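Subject: Structure handover

Hello,

Here is the structure you asked about. Please open it first, then read on.

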There are 2 protein chains.
Amino acid sequence: MTTRSYRQHCGLARALDVLGERWSLLIVRELTFGPKRYRDLADNLPGLGTNLLAARLRTLESAGVVGKGVLPPPANVQVYELTPRGEQLRPMLEDLALWGFQLLPDDGGDDLARAAWAALSMCAVMDREGSGDVRGTFAFEVEDERFYLSLTAGEPRVRNGVPPDPPDVRVVTDLPTFFALAARRLTPAKALRDDLLAVDGDRRRLDALLAVFHLPARAPA
Amino acid sequence: MTTRSYRQHCGLARALDVLGERWSLLIVRELTFGPKRYRDLADNLPGLGTNLLAARLRTLESAGVVGKGVLPPPANVQVYELTPRGEQLRPMLEDLALWGFQLLPDDGGDDLARAAWAALSMCAVMDREGSGDVRGTFAFEVEDERFYLSLTAGEPRVRNGVPPDPPDVRVVTDLPTFFALAARRLTPAKALRDDLLAVDGDRRRLDALLAVFHLPARAPA
DNA sequence: CGGAATCCTCTTCGATACTG
DNA sequence: CAGTATCGAAGAGGATTCCG
């Protein structure tokens with residue numbers, strides 16, 4: 001498996017030698033949410049064959065973008081995680097996500113959707129335009145997804161799993177409601193009234209959070 | 001030719017549906033230097049088959065990233081150029097170029113090298129870290145390449161061809177010397193002494209320009 | 001059972017030849 | 001000059017099997 005190269009002495013071409021193959025950047029996206037095991041990566045990337053996943057991880061590892069780690073006991077399982085060099089890619093992924101967001105159809109069709117992916121774009125917006133005075137840790141449970149958004153210190157971040165410390169707000173909902181809230185087609189108040197949403201903690205923090213999320217408008221091709 | 005998609009309702013995945021195929025971002029890179037004809041694109045992207053180039057241009061065009069234009073008379077030839085949506089990609093290309101730069105081998109091997117590609121990274125550095133009080137238009141003639149760097153108003157930019165107005169400084173050199181200057185392994189003074197470089201105009205401006213170009217250090221894999 | 005290597009089919013890529 | 005047509009080679013996708 002001799003890795004293909006553009007053979008150009010150019011930073012962009014070199015970056016694409018490492019990251020430009022199919023699925024590579026989506027693997028990096030998954031790892032921006034925190035360390036993941038092989039199986040979880042495969043589950044979040046349907047269509048990616050197990051042989052390719054292994055090959056991509058090998059390529060990314062030898063380029064110093066991802067590394068293998070071991071979760072602390074009692075888990076003791078092997079996980080893949082971003083190295084510092086991989087973490088450097090986060091702002092580029094966010095920029096690309098915002099750029100691509102304008103090309104997304106309003107209706108997702110039957111495409112796979114994950115709330116954490118939308119949360120990544122939200123972080124990107126807050127990174128770039130500030131998050132006002134919204135602070136705190138927000139734990140989300142959207143169908144089978146568990147992730148949390150921390151706006152405590154530094155940059156906003158989405159991480160998978162449950163927060164290490166009790167969150168300020170805990171939000172339980174389903175995927176359509178989450179997307180409707182993010183797109184501001186629905187207010188938390190109305191979602192609560194219709195029993196589409198459950199909130200633990202200070203609800204006003206959630207209102208404040210959603211007020212900052214003005215994702216860019218979508219423009220059709 | 002039904003264009004392949006990741007089928008994920010995610011901005012990044014959508015961006016990669018459009019830009020993630022082989023060669024696409026390098027085509028965009030070429031067009032960041034200004035409008036180009038089909039042949040010039042093909043010449044700068046060896047290894048890219050003409051059928052693929054046509055296919056990529058079609059895909060990029062239908063995604064609203066590139067458009068067809070016609071050069072003003074008497075040229076009257078068809079060119080491809082970035083649309084505003086394509087121009088939005090410039091900062092991401094620059095970020096990726098800087099990220100990939102650290103992975104470039106010191107010795108280019110027998111990879112294709114272009115001075116304009118290095119100039120793109122230089123612009124990226126100046127974009128991010130400021131260009132001090134360096135101002136002006138710098139025309140470069142590096143072997144068969146003609147491009148210019150403008151630091152007049154707004155952001156630094158590299159464009160191919162010759163500047164519309166007479167440049168403040170005109171620099172003629174060869175590729176190894178250009179790279180040595182950019183990497184600061186060589187000073188303009190010494191290059192001039194060794195007859196590797198010719199400068200028209202205020203030479204101190206060139207010194208000032210090169211002083212700003214501290215490209216990131218390269219770290220091997 | 002999770003983490004991969006193997007096999008096989010299908011699509012895409014890359015190079016050349018060809019056409020308006 | 002600006003593409004289209006063609007074809008062998010390489011890569012992707014899916015199922016299955018192998019290892020620990």
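Below is what was found, starting with the two protein chains and moving on to the DNA.

Keep in mind that this is a predicted model.

First, the chains. Chain B superposes on chain A by a rotation of 180°, with 0.0 Å of shift along the axis. The RMSD is 0.0 Å. That is the relation of a two-fold axis. Now look at how the chains meet. Of the interface residues of chain B, 100% are also interface residues in chain A, so the copies meet through the same surface.

Next, DNA strand D. There are 18 residues around it. Which of them come nearest? They are A:Arg22, A:Trp23, A:Arg56, B:Gln78 and B:Tyr80. By class, the surface near DNA strand D has seven charged, six polar and five nonpolar residues.

Which part of the strand does the protein approach? Of the DNA strand D atoms within 4 Å of the protein, 73% belong to sugar or phosphate. The rest belong to bases.

Three arginine contacts are worth finding on screen:

- A:Arg56 has a polar side-chain atom 2.4 Å from a phosphate oxygen of DNA strand D.
- A:Arg22 has a side-chain N or O atom 2.6 Å from a phosphate oxygen of the strand.
- B:Arg4 has a side-chain N or O atom 3.0 Å from a sugar or linking oxygen of the strand.

Finally, the elements that give two or more residues to this surface. Chain A supplies helix 4 (50-62). Chain B supplies helix 3 (38-44), helix 4 (50-62) and strand 2 (78-82).

Best wishes

Terms used: Residues numbered from 1 in each chain as written. Chains lettered and ligands numbered in written order. Predicted model: local features only at pLDDT ≥ 70, side-chain atom pairs only at ≥ 80, totals over all residues. Heavy atoms only, no water. Near = heavy atom within 4 Å. Polar contact = N/O pair within 3.5 Å; in protein donor to acceptor, adjacent residues only side chain to side chain. Helix = DSSP H or I, 4+ residues; strand = E, 2+ residues; numbered from the N terminus. Nonpolar A, V, L, I, M, F, W, Y, C, P; charged D, E, K, R; others polar. Least-squares fit on C-alpha atoms with pLDDT ≥ 70 in both. Contact = heavy atoms within 4.5 Å.
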